[in-house]
Amino acid sequence: MNFDIQTEQLSSEAYVISLSGEVDLYTAPEFKQQLLEVIAQGGTNVVVDFTNTTFIDSTTLGVLVGGVKRLRTNDGQLSLVCSDRNITKIFEITGLDKVFEIYATRDEAISSLGVPQG
Amino acid sequence: MARAAVRAKQAQAAQAQAATKPSRKQRKHASGGNPNQDLFFSRLRRKQKWVFAGLALVFALSFVLLGVGSGNGGGLEQMIQGLGIFGNGNDPVGKAQAEIKAGNTAGYKDLANAYVTQGNTTLAVSELEQYLRIKKTDSVAWSQLAGLKRGQADKYAAEYQQVQQANQLEAPGSIFSPGGTLAGKLGGTNPIDDYYNQQNNALLSPLYRDATTGYTDSLAAYKQAAKFAKPSEQANAELAVYLAAQRANQPKDGLAALKLYVKLDPTALNIKQIEAACVSLGGKCVPKHKK
């Protein structure tokens, strides 16, 4: 599956970034840029949706950690949507499953933000 | 009289022939050509069979040698690109090859990236390895190589699982068959199961070997990437080594990477979990500020 990135604004502060395909050394810079743009636009509650992602590597983890650090300074939060066992395992073995809120579905993640869903 | 009769007959015959002859318009071939003028190859086939056979052989050989119709991008395509007849245009492979010809080492990396875009991992790996023989300290290139090797290993591992599942479906008896003394008393195993087991094991062994080698090679490349990483990226590079070590089932390398990770980023958000991971690997990683 080819890499793709979609950003959806749910409210003035809430955004969902959906990633498809492999997020690795080649594609992670695009993800990083998108995440930084969202934060620069005032996004404080950001959901990164990995539902259609087939692989992530340490570069992706680095982008997520960098993002959560920035968001925390603005009293924000970064949540993840992930149901793929191979991807959740990467978060588990690096201990990052305790750093991010990980939800099985996009709806659950959005509900946690308290944003009304359309 | 006889002569006059012959002439009259000849005249009649000539008139009859003229009457049966089609007009100039009618004589035209359906495609507009003259039917009396055979096509070059048809005439050649009838009149100069040996020339025709020779030409057919030349065409056949050139099609095989140039890979016409094979669609693999080789042969004729590469020859045209190599000659630069139509220029390299937007073809990244051609551009990168031109860079290499011009003596630019980065061309190997560009060529590898072009092959990655085309989905040709084997060629991409080969070009990156070539690049890294010259630029040994390019951390990003080492990471790229590691990622490609990991991708190849993942593919072999997935194929291994598929064959294993097929084995269970084709020879289900082997799962339930008893082993040891009981098996001997029961008279051995099912020959049908044995047949499928042998067939699939012949496929499994190379897949297992390729997957294992791929993960080990990936780990080695990630280690090189960490060795030459910029200071700001070293912690993350060690995390990559740890993940690769987990895949390659190399706990010692994993522990060594985590120790460095803790040293490089003692205030990491996941530091507690990393400390716990070190303990599970049989070691201890204590951040400097805790000592």
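Start by selecting β4 and strand β5 (residues 101–103) of chain A: three bridges join them, and the two strands run parallel. Strands here are DSSP runs of type E with at least two residues, helices are runs of H or I with at least four, and both are numbered from the N terminus. Two strands count as paired if DSSP finds at least two bridges between them. Now pick out L80(A), which stands opposite I102(A) in β5(A). To get from β4(A) to β5(A), the chain passes through helix α3 (residues 85–93) of chain A, a β-α-β crossover that is right-handed. Right-handed means that, with the strands pointing away from you, the path from the first strand over the helix to the second runs clockwise.

**Before going on**

What you have open is a predicted model, in which local features need pLDDT of at least 70 and side-chain atom pairs count only at pLDDT 80 or more, while totals for chains, interfaces and linings use all residues. Residues are numbered from 1 along each chain as its sequence is written, and chains are lettered from A, with ligands numbered from 1, in the order in which they are written.

Try colouring chain A by pLDDT, the predictor's confidence in each residue, from 0 to 100. The mean for chain A is 94, and 97% of its residues reach 70 or more. Confidence in chain A is lowest in helix α4 (residues 106–113), at a mean of 93, and highest in α1(A), at 97.

**The sheet of chain A**

Next, show the strands of chain A together. Five of them form an open sheet in the order β1-β2-β3-β4-β5, with mixed pairing. At the edges are β1 (4–9) and β5 of chain A, each pairing on one side only. Direction ignored, neighbouring strands of this sheet are turned by 20° against each other on average. Such angles come from axes fitted to C-alpha atoms, for helices over the stretch in contact, and run from 0 to 180 degrees between N-to-C directions.

Walk across from the β1 edge:

- β1(A) and β2(A) are antiparallel, paired over six bridges. A hairpin of four residues connects β1(A) to β2(A). Click on T7(A) to find its bridge partner, I17(A), in β2(A).
- β2(A) and β3(A) are parallel, with nine bridges between them. Here I17(A) has V48(A) in β3(A) as its bridge partner.
- β3(A) and β4(A) also run parallel, joined by five bridges. V46(A) is partnered by L78(A) in β4(A).

While β4(A) is selected, check its surroundings: is this strand mostly covered or mostly open? Four of its five residues are buried, so it is mostly covered, buried being defined as 20 or more other C-beta atoms within 10 Å of the residue's own (12 or fewer is exposed, in between is partly exposed, and C-beta atoms are placed from the backbone).

**Helix α2 of chain A**

Now select residues 58–73 of chain A. This is helix α2, with 16 residues, reaching 23 Å from its first C-alpha to its last, close to the 22 Å expected at 1.5 Å a residue. That expected span is 1.5 Å times one less than the number of residues. Together, β3(A), α2(A) and β4(A) make a right-handed β-α-β unit.

Among the buried residues of α2(A) are L61(A), V63(A), L64(A) and V65(A). What do the buried residues of this helix pack against? In chain A they meet β2 (14–23), α1 (28–40), β3 (45–56) and β4 (77–81), and in chain B they meet α13 (234–248). Just after the helix, stop at D75(A), whose phi is positive, near 55°.

**Across to chain B**

Show both chains and look where they touch. In all, 16 residues of chain A are in contact with 14 residues of chain B, contact meaning C-beta atoms, placed from the backbone, within 7 Å. α2(A) gives the most to the side of chain A that touches chain B, with five residues.

Chain B itself has 15 helices and zero strands. Buried residues make up 26% of its 291 residues.

For a last stop, select Q48(B), in the loop between α3 (40–47) and α4 (49–66) of chain B. Q48(B) is exposed, because 12 other C-beta atoms lie within 10 Å. Then add R247(B): the two are 199 residues apart in sequence and 67 Å apart in space, C-alpha to C-alpha.

Conventions: Two residues are in contact if their C-beta atoms, placed from the backbone, lie within 7 Å.
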